[in-house]
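User: I'd like to go through this model a piece at a time. Can you start with the empty space inside?

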Amino acid sequence: MARPRVQLVVTADDFGYCPRRDEGIVEAFLAGAVTSVSLLVNGAAAESAAELARRHQIPTGLHANLSEGRPVGPARYGASSLLSPEGFFLGKMGFREAVAAGDVALSQVREELEAQLSRFRELLGRNPTHVDGHQHVHVLPGVCQVFAEALQAHGVRFTRLPLERGVGGCTWLEAPARAFACAVERDARAAVGHFSGRGLRWTDAFVGLSTCGRHMSAHHVSRALARALEGTPTGHSLTAELMAHPGYPSVPPAGGCGEGPDTFSCSWERLHELRVLTAPTLRARLAQDGVQLCALHDLDSKRSGDGVLGEATLETFLEPSQL
């Protein structure tokens, strides 16, 4: 059998957000369409999600959350730079603005990460297979250094580097979404040195910023993987991760991370992703493109210093996206 051009990990984020989301994620896993999940330990359904992961032997990582809902660490008990006066995280953009302004105490970031790693072990009885960041908070300046230090200290080797080749040219994305994707890419580039310096590993390529929600389709996934392969020598294979958010729509007030489910979670877009991932069309397209689905532990993942997305090779592998 010919070696696949791409070994693809399909990760479902936000496991534990609500029972309906988790139902869809497990359905996709059992159908072979999802190969990994990332658990929100402050999610409303974290405990039942952990039980599902154990029952179905789902490879499970931690979806480190510093932007939505309530904390699980010491910040719960007093004032914190991570929280609003109401006791909630500052939100997707609010946290970013606070980090940029220097208003976030990185020592409190470390405390919360430690608490979430500890909570994960309480729920699953083991370390996470990987740790990534809810809304990509783990690649933000300053945060990425604390994140890498915490993972190294806890013996976690794998993370996500959300660098999607050519995302700035994806004109189907609405302007705010495209601007956010390019900002994430810039932050991820800057985080590489901190991640590699702590021995963290990640897949050669990442896809998901251009295929989120309503934009997920067999065509868009295939095109994103094709962009990742551009310039790759014949016969050389890549490892890649597809970030996905499948599930059945949340029904308020159930779900969320302490504030109830957000608009995206309640929308049809989650169900759309579930349908695309489990449809024969995507399976056939991936097979045609030489893509083989696998779990993270199946990959012969390389350290960044081995010539895959390391500081010396990053600029030649991925050109900066432009708005």
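User: How much space lies in the largest cavity?
Analyst: About 90 Å³ lies in the largest cavity. Bear in mind that this is a predicted model.

User: What lines the largest cavity?
Analyst: The lining consists of Val9, Thr11, Ser36, His130, Asp132, Thr159, Arg160, Trp202, Thr203, Glu241 and Leu296. By class, that lining divides into 3 nonpolar, 5 polar and 3 charged residues.

User: How many cavities of 30 Å³ or more are there in the whole structure?
Analyst: A search finds 2 of them. The second largest has a volume of about 50 Å³.

User: Which residues line the second largest cavity?
Analyst: Leu8, Val10, Ala33, Val221, Leu242, Leu277, Leu282, Arg283, Leu286 and Leu293 line the second largest cavity. The class count there is 9 nonpolar, no polar and 1 charged.

User: Which element gives the most to the lining of the second largest cavity?
Analyst: Helix 10, with 3 residues. Strand 1 and helix 10 (280–288) each supply at least two residues of that lining.

User: Now pockets. What is the volume of the largest pocket?
Analyst: The largest pocket has a volume of about 650 Å³. It is lined by 27 residues, and those closest to its centre are Lys92, Phe180, Cys212, His245 and Phe264.

User: Which elements give two or more residues to the lining of the largest pocket?
Analyst: Strand 1 (6–15), helix 6 (175–197) and helix 9 (269–278) do. Helix 6 gives the most, with 4 residues.

User: And how does the lining of the largest pocket split by class?
Analyst: It has 9 nonpolar, 9 polar and 9 charged residues.

User: You mentioned helix 9. Where does Glu273 sit, and is Glu273 buried or exposed?
Analyst: Glu273 is in helix 9. Glu273 counts as buried because its relative accessible area is 0%, and the cut-off for buried is under 20%.

User: What does Glu273 touch?
Analyst: Leaving out residues up to four places away in sequence, Glu273 touches Thr211, Cys212, Gly213, Met216, Ala244, His245, Pro246 and Phe264. Cys212, His245 and Phe264 are also among the residues closest to the centre of the largest pocket.

User: How far apart are Glu273 and Arg20?
Analyst: They are 253 residues apart in sequence and 14 Å apart in space, C-alpha to C-alpha.

User: Switching to the core. How many residues has the largest nonpolar core?
Analyst: It has 76 residues, and those with the most contacts inside it are Leu8, Phe15, Phe95, Phe195, Leu225 and Leu277. Leu8 and Leu277 also line the second largest cavity. Apart from the largest core lies another core of 10 residues, including Cys170, Leu173, Val184 and Phe206.

User: What is Phe95 in contact with?
Analyst: Setting aside neighbours within four places in sequence, Phe95 is in contact with Leu66, Ser67, Leu82, Leu90, Val104, Val137, Leu140 and Val143. Val143 is one of the buried residues of helix 5.

User: Which other residues of helix 5 are buried?
Analyst: Cys144, Val146, Phe147, Ala148, Ala150 and Leu151. The buried residues of helix 5 pack against helix 3 (92–100), helix 4, strand 4 and helix 6.

User: Let's do helix 4, then. How many residues has helix 4, and what is its reach?
Analyst: Helix 4 (residues 106–124) has 19 residues and reaches 27 Å from its first C-alpha to its last, close to the 27 Å expected. Its buried residues pack against strand 2 (36–39), helix 2 (46–56), strand 3 (60–64), strand 4 (131–133) and helix 5 (143–153).

User: What follows helix 4?
Analyst: Gly125, with a positive phi near 75 degrees. Helix 5 is followed by Gly155, whose phi is positive too, near 75 degrees.

User: Which residues other than glycine have a positive phi?
Analyst: Gln135, with phi of about 60 degrees, and His136, with phi near 60 degrees, are among them. Gln135 is in the loop between strand 4 and helix 5, and so is His136.

User: Why does His136 count as buried?
Analyst: Because its relative accessibility is 5%, and buried means under 20%.

User: Last one: which peptide bond is cis?
Analyst: The bond from Pro252 to Pro253 is cis, with omega near 10 degrees. Pro253 is in the loop between strand 6 (238–244) and helix 8 (263–266).

Technical notes:
Residues are numbered from 1 along each chain as its sequence is written. This is a predicted model: local features need pLDDT of at least 70, side-chain atom pairs count only at pLDDT 80 or more; totals for chains, interfaces and linings use all residues. Side-chain values use heavy atoms; hydrogens and water are left out. The expected span of a helix is 1.5 Å times one less than its number of residues. Contact means heavy atoms within 4.5 Å. On a 1 Å grid over the protein atoms alone, a cavity is a set of points where a 1.4 Å probe fits but cannot get out, and a pocket is an open set with protein on both sides within 12 Å along at least five of seven lines; lining residues have an atom within 4 Å of a point. Grid points are joined across faces, edges and corners, and a volume is the space filled by probe spheres set on the points. Ala, Val, Leu, Ile, Met, Phe, Trp, Tyr, Cys and Pro count as nonpolar, Asp, Glu, Lys and Arg as charged, and the others, Gly among them, as polar. A nonpolar core is a set of buried Ala, Val, Leu, Ile, Met, Phe, Trp, Tyr and Cys residues joined through side-chain atoms within 4.5 Å. Buried means under 20% relative accessible area, exposed over 50%, partly exposed in between (1.4 Å probe, protein chains only).
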